[in-house]
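Here's a protein chain to look at together. Take a moment with the picture, then work through the questions below.

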Amino acid sequence: MKVNLVAIGNSKGIRIPSAILKQCNIENQVELEVEKNRVVLKSIRGRPREGWDEAFRLMHERNDDTLLFDKAVDIEVKDWEWK
């Protein structure tokens, strides 16, 4: 199927027919990749932050979950509450 490029500010876009959006389960966002000079759109499956629990658990097991806080910064943190 050939589609025309549409001006969107300084960029260009395409209109994707609703039947294709439905067939590919595309709602609000897609993954955009370039592979061998081709533009590839992939539907995003799953929920936002899906898999984060497992990633954080692995980070903790590997002792890779230290706070990235520059000690040179003079900030009082004694009253902070970490959750």
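Q: In which helix do Glu-61 and Arg-57 both lie?
A: Helices here are DSSP runs of H or I with at least four residues, strands are E runs of at least two, and both are numbered from the N terminus. Glu-61 and Arg-57 sit four residues apart, about one turn of the helix, and their shared home, residues 52–61, is α2.

Before going on, a word on where this comes from: it's a predicted model, where local features need pLDDT of at least 70, side-chain atom pairs count only at pLDDT 80 or more, and totals for chains, interfaces and linings use all residues. Residues are numbered from 1 along each chain as its sequence is written, and side-chain values use heavy atoms, leaving out hydrogens and water.

Q: How far apart are the closest N and O atoms of Glu-61 and Arg-57?
A: Side chains of opposite charge can pair when their charged atoms come close. A salt bridge needs a side-chain nitrogen of Lys or Arg within 4 Å of a carboxyl oxygen of Asp or Glu. Glu-61 and Arg-57 form one, with their closest N and O atoms at 2.2 Å.

Q: Which residues do shared salt-bridge partners join into one network?
A: Lys-42 forms a salt bridge with Glu-33, closest N and O atoms 3.3 Å apart. Lys-42 also forms one with Glu-35, at 3.9 Å. So the network joined by shared partners is Glu-33, Glu-35 and Lys-42.

Q: Is Lys-42 buried, partly exposed or exposed?
A: Buried means under 20% relative accessible area, exposed means over 50%, and partly exposed is in between (1.4 Å probe, protein chains only). Lys-42 has a relative accessible area of 35%, so the label is partly exposed.

Q: How many bridges join β3 to β4?
A: Two strands pair if DSSP finds at least two bridges between them. β3 and β4 form a hairpin with two residues between them, and Lys-36 in the turn has a positive phi of about 50°. Val-34 stands opposite Val-39 in β4. The two strands run antiparallel, and the number of bridges is six.

Q: What is the radius of gyration of the protein chain?
A: The chain has two helices and four strands, in the order β-β-α-β-β-α from the N terminus. The radius of gyration is taken over C-alpha atoms, and the globule rule is 2.2 Å times the number of residues to the power 0.38. That rule gives 12 Å for 83 residues, and the chain is well over that, so it's more spread out than a compact globule, with a radius of gyration of 22 Å.
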